[in-house]
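Subject: Structure handover

Hello,

Here is the structure I promised you. Please open it and keep it on screen while you read my notes below.

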Amino acid sequence: MRKYILLTSACAFFFGAPALAQTTAGVFGPGISENDRSGQFRIAMSPGQNGGSDRWESRIHYQQAISDSLRSRIVLQGSNLENGSFESNFIQAELQWQFKKPDNNASWSSALRLDARFVEQDDGENRLGLNWTNQWNPGDKWQFNNVILTAVEIGNDTRDGVVLEVRNGVKYKINADTKVGVESFSALGRTNALGNFNTQNHRIGPVVTGKINDETSYLAGALFGASKPARDIDFRFWLGRKF
C-alpha cells in the first residue's frame with residue numbers, strides 16, 4: 001500500500017490538476033478527531049485570460065465528528081462563472097469514515113468519503129460520489145497524501161460514465177505551526193471518454209498551511225496549468241475555525 005501511494009503521488013506531481021477553472025477543493029486527509037467541531041471559508045480566483053473577466057469561487061462548510069472514526073460535513077459553494085455576478089452553485093453533504101488509523105507499526109491511515117451534491121437547476125446534474133483518501137507520514141517532518149475521487153450523475157438528463165479525479169500532496173513541516181509543500185489535481189474525465197493529457201485538466205503548484213492560534217488555521221497556495229484546458233493560474237486561500 002505504501003508503494004502504491006508513493007507511486008501515484010509521484011505520477012501526479014508530473015501530471016497533476018483540478019476539474020474547474022478555479023478550485024476551492026483540497027487534498028483532504030483521512031484523519032478524524034473525536035471532538036472536531038469546526039467551520040471553514042475558502043476562496044479561489046483565476047485572473048481573466050484573452051480579455052475575459054476574473055473568475056471567482058468561494059465556499060463555506062461546517063463539519064462535526066460523530067465518533068473518533070466518523071465525521072459529517074455540509075458544504076455550500078458559489079461562483080461568478082455563469083453571468084458575471086456571484087450566485088450559489090451547489091450544496092453538498094459528506095460523510096467520512098476513517099477505517100485505518102496510524103499505530104505503532106504503521107504510519108499509514110486511510111478513509112472513505114461519501115458525497116451527495118445537489119446543484120442549481122442550470123448548473124448541471126446532481127451527483128453521488130465515493131472517494132478514497134490516504135496519508136503516509138514517514139517520520140516527523142514529511143507528509144504524503146493521495147486522494148482518488150469518483151462520481152456519477154443522478155437525475156433526468158445524466159451523462160454516462162464515472163467521473164474520475166486524482167489529487168496528491170506532499171508537505172514538509174517547518175515548525176510546529178507551519179507546513180510547506182506541493183499539491184496537484186488531475187481531472188481525468190469520464191470512464192467512457194478519458195481522453196489524453198492535453199484534453200484533461202491538469203494543474204500543480206505550491207501550498208503553505210499553518211495555524212494562527214489554537215482555534216484558527218489557514219491555507220494559501222496557487223495552481224499552475226500544465227495542460228491545454230487548464231487556466232494559467234489559480235490562487236487559493238482558506239481560513240478555518242474550531243468551535
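D234 is buried, with a relative accessible area of 0%. The cut-off for buried is under 20%, so D234 falls on the buried side. Keep in mind that this is a predicted model. You will find D234 in strand 12, which covers residues 233–242. Two polar partners are worth showing on screen. One is T23: its backbone nitrogen lies 2.9 Å from a polar atom of the D234 side chain. The other is R203, whose side chain makes a polar contact with the side chain of D234 at 3.5 Å.

Now the chain as a whole. The protein chain has 1 helix and 12 strands. In which order do they come along the sequence? The pattern is α-β-β-β-β-β-β-β-β-β-β-β-β, with the helix ahead of the strands. The chain has 243 residues, and 44% of them count as buried. It exposes about 12,600 Å². Carbon and sulfur atoms supply 56% of that area. Look also at contacts between residues with a separation of 6 or more. Of these, 53% join residues 24 or more positions apart.

Next, K100. This lysine sits in strand 4, residues 87–100. Is K100 buried or exposed? K100 counts as buried, because its relative accessibility is 19% and the cut-off is under 20%. The side chain of K100 reaches the backbone oxygen of W108 at 3.2 Å. W108 also appears in the contact list of K100, together with A106, S109 and S110. That list leaves aside neighbours within four places in sequence.

I212 gives another result. Its place is in the loop between strand 10 (201–211) and strand 11 (216–225). I212 counts as exposed, because its relative accessibility is 54% and exposed means over 50%. Which residues does I212 touch, leaving aside its neighbours within four places in sequence? They are S217, Y218 and L239. L239 is 27 residues away from I212 along the chain. The C-alpha atoms of I212 and L239 are separated by 9.6 Å.

Two residues fall in the middle class. V182 is found in strand 9, residues 178–190. It is partly exposed, with a relative accessible area of 32%. V182 and V207 are 25 residues apart along the chain, and their C-alpha atoms are separated by 5.7 Å. W56 is found in strand 2, residues 55–65. W56 is partly exposed too, at 36%. Its C-alpha atom is separated from that of M45 by 4.6 Å, with their positions 11 residues apart in the chain numbering. Why are V182 and W56 put in the partly exposed class? Their values, 32% and 36%, lie between the limits of 20% and 50%, so partly exposed is the class that applies.

Now for the open space. The largest pocket has a volume of about 1,500 Å³. It is lined by 49 residues. Which of them lie nearest the centre of the pocket? They are G31, Q40, K179, K211 and S217. You have met S217 already, as a contact of I212. Strand 1, residues 37–46, gives the most to the pocket lining, with 5 residues. By class, the lining has 9 nonpolar, 23 polar and 17 charged residues.

Last, the enclosed space. How many cavities of 30 Å³ or more are there? The count comes to 1. About 40 Å³ of space lies in this cavity. Its lining is made of R71, S72, R73, E94, L95, Q96 and R113. Strand 3 (70–79) and strand 4 are the elements that give two or more residues to this lining. Strand 4 is also the home of K100. By class, the cavity lining divides into 1 nonpolar, 2 polar and 4 charged residues.

If you want a route through the model, try this order:

- Start at D234 and show T23 and R203.
- Go to K100 and show W108.
- Move to I212 and show L239.
- Finish at the pocket, with K179 and K211 among the residues nearest its centre.

Best wishes

Notes:
Residues are numbered from 1 along each chain as its sequence is written. This is a predicted model: local features need pLDDT of at least 70, side-chain atom pairs count only at pLDDT 80 or more; totals for chains, interfaces and linings use all residues. Side-chain values use heavy atoms; hydrogens and water are left out. On a 1 Å grid over the protein atoms alone, a cavity is a set of points where a 1.4 Å probe fits but cannot get out, and a pocket is an open set with protein on both sides within 12 Å along at least five of seven lines; lining residues have an atom within 4 Å of a point. Grid points are joined across faces, edges and corners, and a volume is the space filled by probe spheres set on the points. Helices (H or I, at least four residues) and strands (E, at least two) are DSSP runs, numbered from the N terminus. Ala, Val, Leu, Ile, Met, Phe, Trp, Tyr, Cys and Pro count as nonpolar, Asp, Glu, Lys and Arg as charged, and the others, Gly among them, as polar. Buried means under 20% relative accessible area, exposed over 50%, partly exposed in between (1.4 Å probe, protein chains only). Contact means heavy atoms within 4.5 Å. Accessible areas come from the Shrake-Rupley method with a 1.4 Å probe; for residues, only the protein chains shown count as cover. A polar contact is a pair of N or O atoms within 3.5 Å; within protein, one must be able to donate a hydrogen and the other to accept it, and residues adjacent in sequence count only if both atoms are side-chain atoms.
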